[in-house]
Amino acid sequence: MPIKTLVGVAVAIGVAGAGMTSVAVVSPAAPARLVVLDLPLPLDPAADVPTVDQLLGVLNALQDPGVPFANKSYLVEGGISPVEARIADVRMKQAVARGEVPLTASLANIHAAGANSATVDVTISGPKVAPTTRNITFVDQGGWKITHASALALLQEAGGS
């Protein structure tokens, strides 16, 4: 038992023996503690945007002809349905056969587009694909992913109709 508790008990017993009906034992106040939280203050919009390398990583992984689209679901918000994966695989094989890949992407104007999302101007070009720029949206869901609508737009742009 801590010494303060023992003294308090002894005083209470001694006072009770002397006929007192109540005793207040006051202990010294606990010292104030400074608590520091690791929170960004104020929120920095630049912290909410992905890096060029993060976005290029997503785009390059999507265009890897050696990986079936069924295994690329983690790169797309909401995933890729089995039907979409089959269509994308056929288009990728056709693009490879026609010599249209690999594609090159250049990025410009990365901006926060709300909570956990960012937009970027992506210019796609390739051996037989004229440079085309689209505004693409990415979302942060435990890692940056391309939105489903943006993935479909790029697939149509890069892989033909």
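Reader: How many bridges pair strand E3 with E4, and in which sense do they run?

Author: Happy to start there, with the reminder that this is a predicted model. Strand E3 covers residues 129–140, and Asp140 stands opposite Trp144 in E4. The two strands pair in the antiparallel sense, over three bridges.

Reader: Which residue takes a positive phi in the hairpin of E3 and E4?

Author: That hairpin has three residues between its strands. One residue there has a phi near 75 degrees, a positive value, and that residue is Gly142.

Reader: And going the other way, how many bridges join E2 to E3?

Author: A hairpin of two residues leads from E2 to E3. Ser117 stands opposite Val139 in E3. The strands E2 and E3 run antiparallel, and the number of bridges joining them is nine.

Reader: Nice. Which strands stand at the edges of the sheet?

Author: The sheet is open, and its four strands come in the order E1-E2-E3-E4 with antiparallel pairing. Two of the strands have a single partner strand each, so one side of each is left without a neighbour in the sheet. Neighbouring strands are turned against each other by 30 degrees on average, direction ignored. The edge strands are E1 (104–112) and E4 (144–146).

Reader: Which helix lies across these strands, and at what angle to E1?

Author: Look for the helix formed by residues 52–62. That element lies across E1, E2 (117–126), E3 and E4. It is helix H2, running at about 135 degrees to E1.

Reader: What pattern does the protein chain follow along the sequence?

Author: The protein chain has four helices and four strands. Helix H3 spans 82–97, and a loop separates it from E1. After E4 comes another loop, and then helix H4 (148–159). Read along the sequence, the pattern is α-α-α-β-β-β-β-α.

Reader: Let's zoom in on Thr147. Why does it count as buried or exposed?

Author: Thr147 lies in the loop between E4 and H4. Leaving aside residues up to four places away in sequence, Thr147 touches Val76, Glu77, Thr137, Phe138 and Val139. The cut-off for a buried residue is under 20% relative accessible area. Thr147 falls below that cut-off, so it counts as buried, with a value of 10%.

Reader: Which residues other than glycine have a positive phi near 60 degrees?

Author: One of them is found in strand E1 and is partly exposed, with a relative accessible area of 46%. Another lies in the loop between E1 and E2 and is also partly exposed, at 47%. In that order, they are Asn109 and Asn116.

Reader: Where is the cis peptide bond?

Author: Head for the loop between H3 and E1, where Pro102 is found. The peptide bond leading into Pro102 has an omega near 15 degrees. The cis bond runs from Val101 to Pro102.

Reader: Which ring does the charged end of Lys72 sit over?

Author: The structure holds zero aromatic pairs, but a charge does sit over a ring here. The charged end of Lys72 is 4.0 Å from the centre of that ring. The ring belongs to Phe69.

Reader: Which element has the lowest confidence in the protein chain?

Author: Across the protein chain the mean pLDDT is 78, with 68% of residues reaching 70 or more. Confidence is highest in E4, at 96. The lowest mean is 41, and it belongs to helix H1 (residues 3–17).

Reader: How many contacts does the model have for residues 39–43 beyond four places in sequence?

Author: Where pLDDT is low, the predicted coordinates should not be read in detail. Over residues 2–25 the pLDDT is below 50, and that stretch has six contacts beyond near neighbours in sequence. Residues 39–43 also stay under 50, and their count of contacts beyond four places is zero.

Reader: To finish, what share of the contacts with a separation of 6 or more comes from residues 24 or more positions apart?

Author: For background, the protein chain has 161 residues, and buried residues make up 27% of them. Among contacts with a separation of 6 or more, the share from residues 24 or more positions apart is 46%.

Methods: Residues are numbered from 1 along each chain as its sequence is written. This is a predicted model: local features need pLDDT of at least 70, side-chain atom pairs count only at pLDDT 80 or more; totals for chains, interfaces and linings use all residues. Side-chain values use heavy atoms; hydrogens and water are left out. Rings of Phe, Tyr and Trp (its six-membered ring) pair if their centres lie within 6.5 Å; planes under 30 degrees apart count as stacked, over 60 as edge-to-face and the rest as tilted. A charge sits over a ring if NZ of Lys or CZ of Arg is within 6 Å of the ring centre and within 35 degrees of the ring normal. Two strands pair if DSSP finds at least two bridges between them. Axes are lines fitted to C-alpha atoms, for helices over the stretch in contact, and angles run from 0 to 180 degrees between N-to-C directions. Contact means heavy atoms within 4.5 Å. pLDDT is the predictor's confidence in each residue, from 0 to 100. Buried means under 20% relative accessible area, exposed over 50%, partly exposed in between (1.4 Å probe, protein chains only).
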